[in-house]
Amino acid sequence: MSFGGPPNTFSFNASPPDRGSFPLDHEGECKEAMMEYMECLKQNKAVNGACRDLSKAYLKCRMERDLMTKDDFKNLGFTSESDS
């Protein structure tokens with residue numbers, strides 16, 4: 001019995017994200033780095049360029065603790081010498 005429409009006859013194929021999973025930081029291992037970055041964004045009215053060093057520190061923390069796949073920073077948008 002159908003209530004409101006025909007049964008679902010198409011299938012959906014999900015694909016994984018390009019860079020793999022991005023697990024949540026349940027243990028709060030990188031919470032301090034994340035909070036510093038978020039505070040910087042708040043103080044700078046979400047102008048990310050002012051907070052790139054903190055963004056990089058947060059990503060580095062996540063990579064060191066296997067909370068994201070390790071990758072070169074140049075592949076994550078950090079290409080200039082000032083990003084190092």
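In this predicted model, the protein exposes about 6,900 Å² of surface, and carbon and sulfur atoms supply 54% of that area. Turning to what sits inside, buried residues make up 20% of the 84 residues. The secondary structure is quickly listed: two helices and zero strands. As for how the chain folds back on itself, take the contacts with a separation of 6 or more: 48% of them come from residues 24 or more positions apart.

The second helix, α2, runs over residues 52-64 and has 13 residues. From first C-alpha to last it reaches 18 Å, close to the 18 Å expected at 1.5 Å a residue. A good part of its story is about burial: S55, K56, Y58, L59, C61, R62 and M63 are buried in α2. The partner for these buried residues is α1, residues 31-43, against which they pack. Past the end of α2 comes D66, with a positive phi near 55°.

The UniProt record, an unreviewed entry, carries the annotation "domain: CHCH" for residues 30-64. Over that stretch the chain is 74% helix and 0% strand. The C-alpha atoms at its two ends, residues 30 and 64, are 10 Å apart.

Next, the covalent cross-links. A disulfide is a covalent bond between the sulfur atoms of two cysteines. A search of the whole structure turns up two of them. Counting the bonded cysteines along the chain, the pairing pattern is 1-4, 2-3.

One of the disulfides joins C30 to C61, with 2.0 Å from S to S. C30 lies in the segment before α1 and C61 in helix α2, so this pair ties together parts of the chain that are 31 residues apart in sequence. The torsion about the S-S bond is -95°, which goes with a left-handed link between C30 and C61. Both C30 and C61 are buried, and C61 also appears among the buried residues of α2.

The other link is between C40 and C51, whose sulfur atoms are 2.1 Å apart. Here C40 belongs to helix α1 and C51 to the loop between α1 and α2, 11 residues apart, and the pair again links distant parts of the chain. This disulfide is left-handed too, with -90° about the S-S bond of C40 and C51. What about cover? C40 has a relative accessible area of 10%, so it counts as buried. For C51 the relative accessible area is 0%, so C51 is buried as well.

That leaves the charged side chains. Side chains of opposite charge can pair when their charged atoms come close. The structure holds three salt bridges. E29 pairs with R65, their closest N and O atoms being 3.9 Å apart. This pair spans 36 residues and links distant parts of the chain, with E29 in the segment before α1 and R65 in the segment after α2. With the salt-bridge cut-off at 4 Å, the 3.9 Å of E29 and R65 falls within the limit. Neither end of the bridge is buried: E29 is partly exposed at a relative accessible area of 39%, and R65 is partly exposed at 36%.

R65 has a second partner. E64 forms a salt bridge with R65, and the closest N and O atoms are 3.6 Å apart. Taken together, E29, E64 and R65 are linked in a network of salt bridges.

The remaining bridge involves D66, the residue with the positive phi after α2. The side chains of D66 and K70 meet in a salt bridge at 2.8 Å, N to O. D66 has 57% relative accessibility, so it counts as exposed. K70, at 53% relative accessibility, counts as exposed too.

Note on methods. Residues are numbered from 1 along each chain as its sequence is written. This is a predicted model: local features need pLDDT of at least 70, side-chain atom pairs count only at pLDDT 80 or more; totals for chains, interfaces and linings use all residues. Side-chain values use heavy atoms; hydrogens and water are left out. Helices (H or I, at least four residues) and strands (E, at least two) are DSSP runs, numbered from the N terminus. The expected span of a helix is 1.5 Å times one less than its number of residues. Buried means under 20% relative accessible area, exposed over 50%, partly exposed in between (1.4 Å probe, protein chains only). Contact means heavy atoms within 4.5 Å. UniProt positions are given in the numbering used here, feature names are shortened, and annotations may be inferred rather than shown by experiment. Accessible areas come from the Shrake-Rupley method with a 1.4 Å probe; for residues, only the protein chains shown count as cover. A disulfide is a pair of cysteine sulfur atoms within 2.5 Å.
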